[in-house]
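Q: I have a model open and want to go through a few spots in it. Can you take short questions as they come?
A: Yes, go ahead.

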Amino acid sequence: MLRTFALRHNNYLRVAPLPHFVLGLCLGMIVTLGWLAAEFYRDGHHFGFLTSVAIGLSWITGVFFSVADIVSRYREYLRIKAMLADKGYSDKIFKAVASSRCQRDAAIWAAKQSGYGSLAKKVYHRLGYRWYHVMPDVLVKNPFRIFTPSFLWTAFRPGKKIKSEQ
């Protein structure tokens with residue numbers, strides 16, 4: 001039972017390493033700013049206290065999006081792993097999730113778990129993706145797309161169509 005628990009949590013961490021890093025960064029900033037706010041409050045600096053609290057609260061947004069991304073990538077990992085188990089290897093599976101580093105990480109881990117890890121890495125290498133391609137393709141073309149509902153829908157609802165396309 002403990003081994004199953006450990007393996008599941010290992011998969012959970014390996015599926016989305018970048019969002020886990022961002023989550024740790026956000027939590028670290030919240031703790032640091034909380035400590036700073038407590039120091040300002042103790043010293044009687046009301047403006048510093050309010051500023052630290054406001055900035056700390058803004059980092060909660062980063063925590064929310066990181067956790068949402070982690071859950072989405074884990075769901076995507078499970079979906080890709082099931083597709084590989086049902087249909088076997090296909091380049092189409094990996095090309096469909098090639099537009100984002102987080103999606104590629106989830107797909108590669110699912111492929112490793114299914115025995116197709118080297119083939120998945122070769123697909124992404126052929127498509128021109130390297131380790132330093134972190135930003136999603138859509139945001140590289142237009143950074144303001146992050147504020148559109150279609151980007152948020154596709155980012156956090158893996159495998160689902162946008163409602164207007166259904």
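Q: Is Cys102 buried or exposed?
A: Cys102 counts as buried, at 10% relative accessibility. Bear in mind that this is a predicted model.

Q: And Cys26, buried or exposed?
A: Cys26 is buried too, with a relative accessible area of 3%.

Q: How many disulfides does the structure hold?
A: Zero. For Cys26, the nearest cysteine sulfur is that of Cys102, 13 Å away. The same holds from the other end: Cys102 is in no disulfide, and the nearest cysteine sulfur to it is that of Cys26. A disulfide needs the two sulfur atoms within 2.5 Å, so at 13 Å this pair does not count as one.

Q: Which helix has Cys26 among its buried residues?
A: H2, where the buried residues are Pro19, His20, Leu23, Cys26, Leu33 and Ala37.

Q: What do they pack against?
A: The buried residues of H2 pack against H1, helix H3 (46-87) and H5.

Q: How far does H2 reach, end to end?
A: Helix H2 covers residues 17-43, which is 27 residues, and reaches 39 Å from its first C-alpha to its last. That is close to the 39 Å expected at 1.5 Å a residue.

Q: What follows H2?
A: Gly44, with a positive phi near 85°.

Q: Switching to Asn11. Where is it found?
A: Asn11 is in helix H1, residues 2-15.

Q: Buried or exposed?
A: Asn11 is buried, with a relative accessible area of 13%.

Q: What is Asn11 in contact with, leaving aside its neighbours within four places in sequence?
A: Tyr74, Tyr77, Trp109 and Gln113.

Q: How far apart in space are Asn11 and Phe21?
A: They are 15 Å apart, C-alpha to C-alpha, and ten residues apart in sequence.

Q: Now pockets. How much space lies in the second largest pocket?
A: About 170 Å³.

Q: Which residues line it?
A: The second largest pocket is lined by Arg101, Arg104, Asp105, Ile108, Lys121, Tyr124, His125, Tyr129, Arg130 and Trp131. By type, the lining divides into five charged, four nonpolar and one polar.

Q: Which helices each supply at least two residues of that lining?
A: Helix H5 (101-114) and helix H6 (117-126).

Q: And which gives the most?
A: H5, with four residues in the lining of the second largest pocket.

Key: Residues are numbered from 1 along each chain as its sequence is written. This is a predicted model: local features need pLDDT of at least 70, side-chain atom pairs count only at pLDDT 80 or more; totals for chains, interfaces and linings use all residues. Side-chain values use heavy atoms; hydrogens and water are left out. On a 1 Å grid over the protein atoms alone, a cavity is a set of points where a 1.4 Å probe fits but cannot get out, and a pocket is an open set with protein on both sides within 12 Å along at least five of seven lines; lining residues have an atom within 4 Å of a point. Grid points are joined across faces, edges and corners, and a volume is the space filled by probe spheres set on the points. Ala, Val, Leu, Ile, Met, Phe, Trp, Tyr, Cys and Pro count as nonpolar, Asp, Glu, Lys and Arg as charged, and the others, Gly among them, as polar. Buried means under 20% relative accessible area, exposed over 50%, partly exposed in between (1.4 Å probe, protein chains only). Contact means heavy atoms within 4.5 Å. The expected span of a helix is 1.5 Å times one less than its number of residues.
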